[in-house]
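Me: I want to go through the labels given to parts of a structure and ask what each one rests on. Please set each value against its cut-off.

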Amino acid sequence: MAKKKAILVDVKRCIGCQACEQACEQAHGFPVEHPAGLSDKALTFVDQKGAKSVRRMCLHCEEPACVSACLVGALHKTPEGPVAYDASKCMGCRYCMIACPQSVPKYQWTKLAPYMKKCDMCYDRVKEGKPTVCAEACPVGATTFGDRDELIKEAWNRIRTEGDYVPRIYGTEEFGGTSVLYISDVPFEQLGFVMPPTGNEPLPMLSAAALGESPTVVLVGGSMLSALYWITRRRKAVAEAEKFGKFEGKGK
Amino acid sequence: MKALIGKITLWRAVSTIILAVGAYAAYLRFFEGWVVSTNLTDAQPWGLWVGFGTLCGVGLSAGGFCIAAAVYLLGMERYRPLLRTSILLSFLGYCSVCVGMLYELGLPWRIWHPIIYWNKHSVLFDVSLCVMCYTTVLALEFSPSLVEKAIPWKGLRRWYLKWQHRILIGLVMAGVLLSSMHQSYLGGLFLIAKGKVHPLWYSPYLTTLFYLSAIPAGMALLVMVLYLCVRSLQAKIEYSLLQDLSRIMMILLGVYAVFRALDLVRNGATHYAFMMNKEAGYFWLEIVLFLAAPLALLSWRKVRDTPLYLYWTCATVVMGFMANRLNVSITALDAMSGAQYVPKWPEIALTMAVLTAGVIAFRLAVLYLDIVPRYEEPKEFRWLASDGAVAEA
């Protein structure tokens, strides 16, 4: 199996030059001018949070809510790490947009045959062993691409050797772990990071809990209904028989 | 020609206008696109079409499986006269949901994809499979009314009706199971969006809440429809049936009210209800319309005994139910995303047009098929008393 890849974003190192944005725009043929924020024409975006620049993008969860939500399985977690999208299966229900805790998936509202758009971690390049275009473009090493294990080691290394980091990697545990990891010298809460509502339990567990009941509903419900029907039929038969006096001679 | 068009009445004119405006809205949706026809955005990807069309459409169609189960499985023979009306109502409700899918999906020509692409982990997959199966079940349950009138060959007709009758109990049981599942899973859709749903409407028991609220709402709509059948389609219906239905509805509403209250306390969300904001306002609107007002009104004997009052009480229940579904799907998500979504007029126009088409289909079915016993000629508005005598309304 391929080794699991990941992206490490170092908020402390980021200088806000937007080279990652431009590389992404170029790779996808998106316009350079676009409104602030993620959209169907901006799969990554450098967010200004006070003095800090924070790259927003799909975090490529280890157990993605969008993958579990998509009814036709158009989204899937690849063994390499990226959460990829098979547009040929998508029917445009937009449940992935509801399910994603980060609201990352965006929709092509301006098109007549719209698809969902989100970062796919340059899956075609990653398959060939190449890094993502954003990691390649970053001039200061704020976005690095590599094996997830290695990047976590590297991140801890930076946190240990340079004293001013928050001693935490966002993405090792959050939402059951993600393939995009963040380290920062400012607390993540102040940078607009979404904190998981379920502790670190992956979100798909929430729907699994409900869906797990279906076989029980069918089995228990089915037998109960059959039993009720049997009783009803029996009652009718008895009532009918009593009406015609068939039971009268029973004791004799 | 004159007979074909018929008399131009106020309601016919209104219906025609609604359908025409709806057709134009459909043109905008399919040829001008989403931005022109909707106010949907990335922050609010589901709007009126999902919140009203799907959630309310499915929920309010819950009457069919209840009456079918009561008559066929529990042997409550006295509800048999309501059977066909409730099945027709549910069938048309689900048809409207399916038609709604055609404009609320981004790529509607792929509406069949869930048949071959399965994702067992998706709540929406389970919902779509259940809705597909249940719509089929309803079509089969409804089919005798059409077959007995529309198939001219006696042999074929008998053969079909015989087979339909043989599998009927199976259909009714499947209907109950499928309904129980997808009515709850519609609430289950929002479980995964924890953190994006306002605490007044998020609960790990959303599935149970949706199920418990759909049944009384389905009954309320059925009572309204039966009232209107008597009012304008010369239907012969025993009023005591409606009284009994509303009594059951009242008990179910009471159960739901207790469950909802305990659930709010359990989730520690009660204080949100007493804040001075939009969410609290919509919350109380839902509670008053769906629970407080109907429970108070129904406990009043005069309301239960007066058809018109009962009708309006049921209308309150239906409106309260709509408020609940729209709150879960729009208010609750809007509160967290700050999307400030308000539907654009084509969204409303298309929804209205589909509803109107449903009403017309219902009316034609009652007029030309044997759905409910009717007086031959238009007579005074009257109810059938329990002993079969005609009482004055």
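Reply: What follows takes burial, cysteines and the contact between the chains in turn. This is a predicted model, in which local features need pLDDT of at least 70 and side-chain atom pairs count only at pLDDT 80 or more, while totals for chains, interfaces and linings use all residues. Residues are numbered from 1 along each chain as its sequence is written, chains are lettered from A and ligands numbered from 1 in the order in which they are written, and side-chain values use heavy atoms, with hydrogens and water left out.

Me: Why is B:Cys66 called buried?

Reply: Buried means under 20% relative accessible area, exposed over 50%, and partly exposed in between (1.4 Å probe, protein chains only). B:Cys66 has 14% relative accessibility, so B:Cys66 counts as buried.

Me: What makes B:Cys133 partly exposed?

Reply: The relative accessible area of B:Cys133 is 38%, and the partly exposed class lies between the buried limit and the exposed limit.

Me: How do you know how many disulfides there are?

Reply: A disulfide is a pair of cysteine sulfur atoms within 2.5 Å. The search of the whole structure finds zero over all chains. For B:Cys66, the nearest cysteine sulfur is that of B:Cys314, 14 Å away. For B:Cys133, the nearest is that of B:Cys130, at 6.7 Å. Neither B:Cys66 nor B:Cys133 is in a disulfide.

Me: Why is helix H5 of chain B described as largely enclosed?

Reply: Helices (H or I, at least four residues) and strands (E, at least two) are DSSP runs, numbered from the N terminus. H5(B) covers residues 63-73, and 11 of the 11 are buried, so the helix is largely enclosed by the rest of the structure. Among them are B:Phe65, B:Ile67 and B:Tyr72.

Me: What makes strands S2 and S3 of chain A a pair?

Reply: Two strands pair if DSSP finds at least two bridges between them. Five bridges join S2(A) to S3(A), and the strands run antiparallel. One of the bridge partners in S3(A) is A:Lys52, opposite A:Lys49.

Me: Which side chains form the salt bridge between chain B and chain A, and what makes it one?

Reply: The term requires a side-chain nitrogen of Lys or Arg within 4 Å of a carboxyl oxygen of Asp or Glu. The side chains of B:Glu77 and A:Lys236 meet at 3.0 Å, N to O. The count between the two chains is one salt bridge.
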